[in-house]
Amino acid sequence: MRVVVTGGAGFIGANLCRELIMRPAINEVVVLDNLSTGYKENLSGVDVEFVNGSMLDRPTLREVISGADTVIHLAARPSVPRSIADPIASHDANATGTLYVLEECRRAGASIVVASSSSVYGSVPELPRREDLPTRPQSPYAASKLAGESYALAYGNSFGLDALVFRFFNVYGPLQSSGHAYAAVIPAFIHAALSGEPLHIHGDGTQTRDFTYVGSVVKVLADAATRRVAATTPVNLAFGSRISLLDIKDRLEALLDRPLDAHFAPSRQGDVKDSQAASRALLELFPDCEPVPFEDGLELTLKWYQEHLNLDGEAAQGTNDRHTGGVHV
Ligand code: NAD
């Protein structure tokens with residue numbers, strides 16, 4: 001089986017590639033990544049074919065996807081603040097890029113797994129978020145992810161493409177980049193804690209997220225690809241946990257056995273207060289999947305940063321998009 005991973009040099013993609021190459025059903029993994037937020041070093045020692053290119057370059061995309069059995073489409077311009085800084089770039093990557101990938105899957109007869117985001121629920125107040133709730137995107141990022149997932153479902157309906165749309169919640173774990181303005185909250189907290197700096201908290205820290213360990217996410221993605229699972233509605237890929245930023249601070253203090261300072265700043269535009277997944281649809285499609293508990297995932301993640309963070313310079317991987325602080329949904 002030949003599997004293409006778009007965005008495979010990114011955080012989730014590089015963890016996924018490590019999982020895919022272990023699966024006996026898969027004999028070829030090809031990564032397409034333009035290294036805009038990903039790092040080639042994330043794939044060091046991982047037996048994949050790497051193509052340095054953009055999914056917006058249609059001839060390259062066609063060449064990479066032709067002959068693929070399945071595409072796991074992760075490439076995107078992630079983060080809410082990045083989309084507020086440049087909405088058109090987010091639309092190009094997340095909406096138009098997804099449309100191009102779908103079109104090549106259709107030509108190649110490949111199935112597709114698409115990464116969408118819990119941010120599409122936006123200001124909908126109900127918790128947990130069920131997939132049949134309305135969507136109310138609060139940022140250009142969320143709108144672009146909703147456009148991408150809508151195209152995927154429309155391709156399933158219009159062309160019989162086997163498509164599965166996952167709404168990721170807050171994924172965390174090894175290889176997630178830290179130490180820049182668009183860093184997700186867990187790597188940002190760990191980076192600050194290990195550098196002896198205060199944790200930067202937007203709002204009062206009581207906002208909650210359904211943090212999902214990347215190891216749990218990539219197992220489901222790999223199962224979806226090998227079993228060619230398709231669905232006519234999006235599926236949340238998270239397990240219904242609800243953890244506040246202050247909880248993370250407490251747990252890091254316990255793991256490091258020392259108090260951590262926090263610096264509180266105003267809430268950020270486009271961020272939602274609370275987020276938690278309903279996971280019934282996920283468990284119906286993947287009854288054997290088991291989440292790594294948050295305590296264990298955070299400990300594994302902290303250990304990884306302790307071993308890999310270069311505190312003289314930047315995050316372990318490299319120097320894309322250097323700035324400071326943030327939460328990614
Ligand atoms: P990431 O930034 O680490 O990975 C995205 C990858 O896409 C990067 O390697 C980047 O270089 C690549 N890319 C961007 N534009 C490209 C283009 N035009 N052509 C080819 N490659 C391109 O982010 P991630 O956290 O691994 O996210 C993966 C996917 O999951 C994204 O679609 C993101 O929107 C979605 N998601 C992630 C989270 C999370 O918590 N990490 C939450 C919700 C949704």
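Which backbone atom type of Ala-76, N or O, lies 3.5 Å from an oxygen atom of the ligand, and what is known of this contact? A backbone N or O atom of Ala-76 lies at that distance from the ligand oxygen. The structure discussed here is a predicted model.

## The ligand and its surroundings

The ligand is surrounded by 29 residues. Phe-11, Asp-33, Thr-37, Tyr-141 and Lys-145 are the closest of them. The table lists contacts between residues and ligand atoms.

| Residue | Atom of the residue | Atom of the ligand | Distance |
|---|---|---|---|
| Asp-33 | polar side-chain atom | oxygen | 2.5 Å |
| Met-55 | backbone N or O atom | nitrogen | 3.0 Å |
| Ala-76 | backbone N or O atom | oxygen | 3.5 Å |

Asp-33 thus appears twice in this account: it belongs to the closest residues, and a polar atom of its side chain lies 2.5 Å from a ligand oxygen. For Met-55, the atom concerned belongs to the backbone, and its partner in the ligand is a nitrogen atom.

## The second largest pocket

The second largest pocket holds about 330 Å³ of space. Its lining includes Arg-130, Glu-131 and Asp-132, as well as Ala-231, Thr-233, Pro-234 and Val-235. Ala-278, Arg-280, Ala-281, Glu-284 and Leu-285 also line this pocket. Helix H9, which spans residues 280–285, supplies the largest share of the lining, namely 4 residues. Sorted by class, the lining contains 6 nonpolar residues, 5 charged residues and 1 polar residue.

## The cysteines

How many disulfides does a search of the whole structure find? The search finds 0. Cys-17 takes part in no disulfide, and the nearest cysteine sulfur, which belongs to Cys-105, is 16 Å away. A disulfide is a covalent bond that joins the sulfur atoms of two cysteines. The sulfur of Cys-105 cannot form such a bond because the closest cysteine sulfur, in Cys-17, is 16 Å away, which is too far.

Are these cysteines buried or exposed? Cys-17 has a relative accessibility of 0% and therefore counts as buried. Cys-105 is likewise buried, since its relative accessible area is 0%.

## Val-214

Val-214 is part of helix H7, which covers residues 214–227. Its relative accessibility is 1%, so Val-214 counts as buried. Between Val-214 and Gly-173 there is a separation of 41 residues in sequence, yet their C-alpha atoms are 5.4 Å apart in space.

Technical notes: Residues numbered from 1 in each chain as written. Predicted model: local features only at pLDDT ≥ 70, side-chain atom pairs only at ≥ 80, totals over all residues. Heavy atoms only, no water. Disulfide = S-S within 2.5 Å. Buried < 20%, exposed > 50% of the residue type's maximum accessible area, 1.4 Å probe, protein only. 1 Å grid on protein atoms, 1.4 Å probe; cavity = no way out; pocket = protein on both sides within 12 Å on 5 of 7 lines; lining within 4 Å. Points joined across faces, edges and corners; volume = space filled by probe spheres on them. Helix = DSSP H or I, 4+ residues; strand = E, 2+ residues; numbered from the N terminus. Nonpolar A, V, L, I, M, F, W, Y, C, P; charged D, E, K, R; others polar. Near = heavy atom within 4 Å. Polar contact = N/O pair within 3.5 Å; in protein donor to acceptor, adjacent residues only side chain to side chain.
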